[in-house]
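Let's talk through how a few labels on this model come about. Each label should follow from a value and a rule.

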Amino acid sequence: MLNKIKEYLVPGAAIYDVGNYLFCPIENASEGLVANAYYFSHPAWAEEYLTYCHRSEEFKSRWEAAIGNWDNKVVLDIGCGPGNLLATLGGKPKVIIGVDVAEGSLKLAKELGYVPLLADATNLPFVSGFADIVTLNATLHHCDDMEAILKEAARLVKPNGGILVTDHDPQKSAWNFKGVGKLMWNGRLILYRMMQKGFHKGGGQQEWGLKCEIHHRAGDGVTRDLFHNVLQKDTFDVAIYPHNHTVGKEVLQGVKGKAEFKYRLGNLLSGRNPSSDASALSLMCVARRKN
């Protein structure tokens, strides 16, 4: 596997082939990183995530419109998980490198065609500007330092046309519940457990899943300023698209789609127009590097 990416590595990079994935030592792992490693390494949970998350036709349409044809391209998928992006989009990149901290997910990603690398995404062992496409799908909000991850991703985008795409990170303004809206949101877990409803099947899975959602909490998430401040306009052309996960390529034409009733109600009870851009659940960022 190492030979497939050798030309993209910085000289003397400490990276080792341990069989099912490549390994770059991580020092001083945070609690959030440990939670991600545990949750997404769990065989049943990782398989469940691969099967059910980010696999819709709307998702596929949106991403295909954002990145175009990635056949014969060098792709870096940061926070690849078990490989949802390639599993959904298909195609034949020249090489697709998947970075994650979860050993179990990387094993699944390898089976799909990734070159899997276990590494800290704030300090990756690659030369600058090597990737035609850098992707971060549902990644930033799982990381302690979203700005540092985004900066490192931007460093690796190829000049003169390389693309960086992020999606499925919660928009801070939409999740900044207030008043009755906040009370309702804080009480949702008790209600879900009583109704036995939700993606997580048991308390243990739910507990670890929530530990991974570092910036997916009331009053937290990504902002337009985050993207514009990191992806400077003299280096990138940046387009940001708010949406509610229910729309495909139309998102890139400004269509947000309609959120589920509970999210619309939460924003309404927080004093916001649930149909506004600020109430859209996620921000998709498509940034093309100029130089």
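The turns below deal with salt bridges, burial and a pocket in this predicted model.

Q: What makes Arg62 and Asp167 a salt bridge?
A: The rule asks for a side-chain nitrogen of Lys or Arg within 4 Å of a carboxyl oxygen of Asp or Glu. For Arg62 and Asp167 the N to O distance is 3.0 Å, so the pair qualifies. Arg62 sits in helix 4 and Asp167 in strand 7, so the bridge ties together parts 105 residues apart in sequence.

Q: Why is Arg62 called buried?
A: Buried means under 20% relative accessible area. Arg62 has 1% relative accessibility, so it counts as buried. Its partner Asp167 has 0%, so Asp167 is buried too.

Q: Why are Glu147 and Lys151 called partly exposed?
A: That label covers values between 20% and 50%. Glu147 comes to 38% and Lys151 to 45%, so both fit the label. These two also form a salt bridge, with N and O atoms 3.2 Å apart. Both lie in helix 7, 4 residues apart, which means about one helical turn separates them.

Q: How do you know that Lys107 and Glu103 form a salt bridge?
A: Their N to O distance is 3.3 Å, and the cut-off is 4 Å, so the pair counts. By this rule the count comes to 8 salt bridges.

Q: What makes helix 2 stand out in the lining of the second largest pocket?
A: Helix 2 gives the most to that lining, with 3 residues. The pocket holds about 510 Å³ of space.

How values were computed
Residues are numbered from 1 along each chain as its sequence is written. This is a predicted model: local features need pLDDT of at least 70, side-chain atom pairs count only at pLDDT 80 or more; totals for chains, interfaces and linings use all residues. Side-chain values use heavy atoms; hydrogens and water are left out. On a 1 Å grid over the protein atoms alone, a cavity is a set of points where a 1.4 Å probe fits but cannot get out, and a pocket is an open set with protein on both sides within 12 Å along at least five of seven lines; lining residues have an atom within 4 Å of a point. Grid points are joined across faces, edges and corners, and a volume is the space filled by probe spheres set on the points. Helices (H or I, at least four residues) and strands (E, at least two) are DSSP runs, numbered from the N terminus. Buried means under 20% relative accessible area, exposed over 50%, partly exposed in between (1.4 Å probe, protein chains only).
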